[in-house]
Amino acid sequence: MDTIKTEERVTVLAQFRKDILAGLQAEPKFMQAKYFYDQAGDLLFQQIMKMDEYYLTNAEMEIFVKQSGDIANLIARESSSFDLIELGAGDATKSIHLLTELCNRDLEFSYFPIDISAQMVAHLEDFLPRQLPGLSIKGLNGDYFEMLDKGIALSNRRKVVLFMGGNIGNMDVEEAKEFCRKLNNSLSKGDLLIIGFDLKKEPKQILAAYNDAKGITAAFNLNLLSRINRELDGDFELQNFEHYACYDPESGACKSYLISLKAQAVHIAGETIHFAPFEAIYMEISQKYSLQEIEAIAVATGFHGKHRFFDAQKYFVDAVWLVD
Ligand SMILES: C[S@@+](CC[C@H](N)C(=O)[O-])C[C@H]1O[C@@H](n2cnc3c(N)ncnc32)[C@H](O)[C@@H]1O
């Protein structure tokens, strides 16, 4: 058992090394957002979710607190048993409202939270059964599609996939389409996808959510450099990099960068990476959508569905899509 765990850790670390070096040797430089979530990254993200400027959490929380009954009605409309698979479940603070509603209805279902963060999956497996006695839960630690395939293979029940928190926002529009297409291919006719999108709104409000006054988002981005230093024997000097966020209201892309404040060389896993003064590392996209753009993605990727759940301010939407 321990040997398997050690082998898994070695594979995960080798992939991390490969992806980080590929991103930093590319032109322009980039990093993959999924690597933000080590133990410190999980904690920083929990702080981000509580920030005044980060309207996304409150908006989607309101949807799940007030409308989980209606969402559960849609899931339960088909009377058969099902598996609820959540992609990038995090700490499930919002989905717990839907889980509570489903448990109260005595429906036959299992919950499979998927997350790349082993700590989050372990936390959910410990915490949720204490909150919701009788909940059938199996956590799946790993990347979205690898774990989705595992989760789907666990039973032949119909599937309800939850993909919330604007996780799809961490992809650009083409990547989001490709992701939905892949999801559609993995699912079967009649399966459901409940998917959250952050909506286009006042540009200054969007930018503030990724450029908070206390610098928590900056710390979240810089934490990935600390992770590289620790896990890949790197020597990033964090004070030589600055977080920069910008929002383009036309495309809806809000992008975060780390800017090298001077010419410098950084050593990572035995390789040397050179930075020019003010060279940027592209860290993350948070894509915002109009309702028409969301509808176009559904149609283009083999889904349909007219049910949409909004918060009172219409900042955020959770759409319920059926596999065609
Ligand atoms: C933005 S948080 C959102 C969490 C939760 N869905 C919510 O709405 O509060 C993203 C979560 O997805 C997980 N994640 C990011 N990329 C992932 C990937 N490629 N595969 C699996 N999980 C991933 C992270 O570990 C993190 O817990």
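This report walks through a predicted model of a protein chain with a bound ligand, starting with the domains and ending with two backbone oddities.

## Two domains

The domain assignment splits the protein chain into two parts, each built from two stretches of sequence. Domain 1 takes 12-52 plus 205-287, while domain 2 takes 55-201 plus 289-323. Measure from C-alpha centre to C-alpha centre and the two domains sit 27 Å apart. Their contact draws on 21 residues from domain 1 and 20 residues from domain 2.

## Where the domains touch

The size of an interface is often given as the accessible area lost when the parts come together. Here, domain 1 and domain 2 bury about 1,700 Å² between them, and 50% of that falls on carbon and sulfur atoms. Over on the domain 1 side, the residues giving up the most area to domain 2 are Met 49, Gln 205 and Gln 287. Together, these three account for 35% of what that side buries.

On the polar side of things, 9 residue pairs are in polar contact between domain 1 and domain 2, counting pairs with both residues at pLDDT 80 or more. Which elements of domain 1 supply two or more residues to this side? They are helix 2 (39-50), helix 8 (203-209) and strand 12 (280-287). The make-up of the domain 1 side is a mix: 8 nonpolar, 7 polar and 6 charged residues.

## Salt bridges

Side chains of opposite charge can pair when their charged atoms come close. A search of the whole structure turns up 16 salt bridges, and the count between domain 1 and domain 2 is 1. Among the salt bridges in the model is the one between the side chains of Lys 34 and Asp 143, at 2.7 Å from N to O.

Glu 60 and Lys 94 also meet through their side chains in a salt bridge, again with an N to O distance of 2.7 Å. Glu 60 belongs to helix 3 (residues 55-77) and Lys 94 to the loop between strand 2 (82-87) and helix 4, so this pair ties together parts that are 34 residues apart in sequence.

## Around the ligand

There are 17 residues around the ligand, and Gly 88, Lys 94, Asp 115, Ile 116 and Asp 143 come nearest. Lys 94 puts a polar side-chain atom 2.8 Å from a ligand oxygen atom; the Lys 94 side chain is also the one paired with Glu 60.

Backbone atoms join in too. A backbone N or O atom of Ile 116 is 3.1 Å from a nitrogen atom of the ligand. For Tyr 144, a polar backbone atom lies 3.1 Å from a ligand nitrogen atom.

## Backbone oddities

Glu 27 and Pro 28 are joined by a cis peptide bond, with omega at about -5 degrees. Pro 28 sits in the loop between helix 1 (2-25) and strand 1 (29-30).

Then there's Asp 106, which has a positive phi of about 60 degrees despite not being a glycine. Look for Asp 106 in the loop between helix 4 (95-104) and strand 3 (109-115).

Notes: Residues are numbered from 1 along each chain as its sequence is written. This is a predicted model: local features need pLDDT of at least 70, side-chain atom pairs count only at pLDDT 80 or more; totals for chains, interfaces and linings use all residues. Side-chain values use heavy atoms; hydrogens and water are left out. Domain bounds come from an automatic or database domain assignment. Contact means heavy atoms within 4.5 Å. Buried area is the accessible area (1.4 Å probe) that two parts lose on being put together, summed over both. A salt bridge is a side-chain nitrogen of Lys or Arg within 4 Å of a carboxyl oxygen of Asp or Glu. A polar contact is a pair of N or O atoms within 3.5 Å; within protein, one must be able to donate a hydrogen and the other to accept it, and residues adjacent in sequence count only if both atoms are side-chain atoms. Helices (H or I, at least four residues) and strands (E, at least two) are DSSP runs, numbered from the N terminus. Ala, Val, Leu, Ile, Met, Phe, Trp, Tyr, Cys and Pro count as nonpolar, Asp, Glu, Lys and Arg as charged, and the others, Gly among them, as polar. A residue is near a molecule or strand if one of its heavy atoms lies within 4 Å of it.
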